[in-house]
Amino acid sequence: MKLFQPKNKISLIIIALFALLIMIPEEATAQRFGHHPPPRPMPRPAPRPMPRPIPPAPRPLPPRPLPPHPYPHPYPRPLPPPFHPYPVPFPYIYHPFVPYYWGPTWYPIGFFAATLTTAAIIITVENNQYHYDDGVYYVKESSGYKVVPAPIGATISELPKGYVTINVSGTEYYYYGGTYYVKASAKYKVINAPVGAVVAHLPEGAEEKTIDGQKYMIYNNVYYQPISKDGQDSYVVVQGK
């Protein structure tokens, strides 16, 4: 028996191509002749990781309260008026502030006393009672008496020792411990600080404030300008309450 032997080269080429087609994968053959296998199922997406919770922002710290004044006023004070200083015929000369004391019986605003002397009297101003003792005004509290600014309109029969007389535009005023009086009949009445009054001393509790490059002293809502009068450091009232 004789094996099949191709007679020419064309037969050998056809046999080689047929064998090559048999060896090519089925998918490649299908794509070559326009036949595509069914699509493969898409893989499921991987689950996304859960976002991390955002930590809450820290709570803002409340502003720190200002330290209390060493001698706070027992009642709310009215706001001072806008600063519009009145012109005064004195040059501005700054000098450091030094509190002044009017003797052993005078006390600054805010001072607390457990008892008063027997010379203290009661003064009523606008249905409010004050205790007066030698130029100092007090209000009664549960455990004693607290020094307060002199109430406007209060009258006393005698001026405290150590007062000074001030002349402003021909009118005489009396000054003691940051308080101004004017004569009213046979008594002396507490008034607002007269603009233009020059005093040599301010009591404890005056505060320094810079306005337009100049320093002023503020006491009981009254603005004072540092000056030099007759070679002495003084203060002139440039704006009252």
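**Exercise 1. In this predicted model, decide whether E141 is buried, partly exposed or exposed, and do likewise for its salt-bridge partner K146.**

Step 1: E141 has a relative accessibility of 28%. Buried means under 20% and exposed over 50%, so E141 lands in the partly exposed class.

Step 2: K146 comes out at 17% relative accessible area, so this lysine is buried.

Step 3: Now put the two side chains together. They meet in a salt bridge, with N to O at 3.8 Å.

**Exercise 2. Find how many salt bridges the structure holds, and work out how accessible E208 and K215 are.**

Step 1: The tally is two salt bridges. E141 with K146 is one of them, and E208 with K215 is also a salt bridge, its closest N and O atoms being 3.7 Å apart.

Step 2: E208 has a relative accessible area of 40%, so it counts as partly exposed. K215 sits at 28%, which also means partly exposed.

**Exercise 3. Work out which side chains of β10 are buried, then track down the strands that pair with β10.**

Step 1: Walk along β10 and the side chains alternate. Y188 and V190 point to one face and are buried; K187, K189 and I191 point to the other and are not.

Step 2: β9 runs antiparallel to β10, joined by five bridges. Y180 stands opposite I191 here. The two strands make a hairpin with two residues between them, and S185 in the turn has a positive phi of about 60°.

Step 3: β6 (residues 155-156) is antiparallel to β10 too, through two bridges. T155 has K189 as its bridge partner.

**Exercise 4. Say which strands stand at the edges of the open five-stranded sheet.**

Step 1: Write down the order: β11-β15-β14-β13-β12, with antiparallel pairing.

Step 2: β11 (198-199) and β12 (207-211) each have a single partner strand, so one side of each lacks a neighbour in the sheet. Those are your edges.

Step 3: Zoom in on β11. Two bridges tie it to β15 (residues 232-239), and V199 has Y235 as its bridge partner.

**Exercise 5. Find how many cavities of 30 Å³ or more there are, and describe the lining of the largest cavity.**

Step 1: The count is one cavity, and the largest cavity holds about 230 Å³ of space.

Step 2: Its lining has 24 residues, with P149, A150, G178, T179 and N220 nearest the centre. Elements giving two or more residues to that lining are β4, β5, β9, β10 and β14.

Step 3: Sort the lining by type: 17 nonpolar, six polar and one charged.

Note on methods
Residues numbered from 1 in each chain as written. Predicted model: local features only at pLDDT ≥ 70, side-chain atom pairs only at ≥ 80, totals over all residues. Heavy atoms only, no water. 1 Å grid on protein atoms, 1.4 Å probe; cavity = no way out; pocket = protein on both sides within 12 Å on 5 of 7 lines; lining within 4 Å. Points joined across faces, edges and corners; volume = space filled by probe spheres on them. Helix = DSSP H or I, 4+ residues; strand = E, 2+ residues; numbered from the N terminus. Nonpolar A, V, L, I, M, F, W, Y, C, P; charged D, E, K, R; others polar. Pairing = 2+ DSSP bridges. Buried < 20%, exposed > 50% of the residue type's maximum accessible area, 1.4 Å probe, protein only. Salt bridge = Lys/Arg side-chain N within 4 Å of Asp/Glu carboxyl O.
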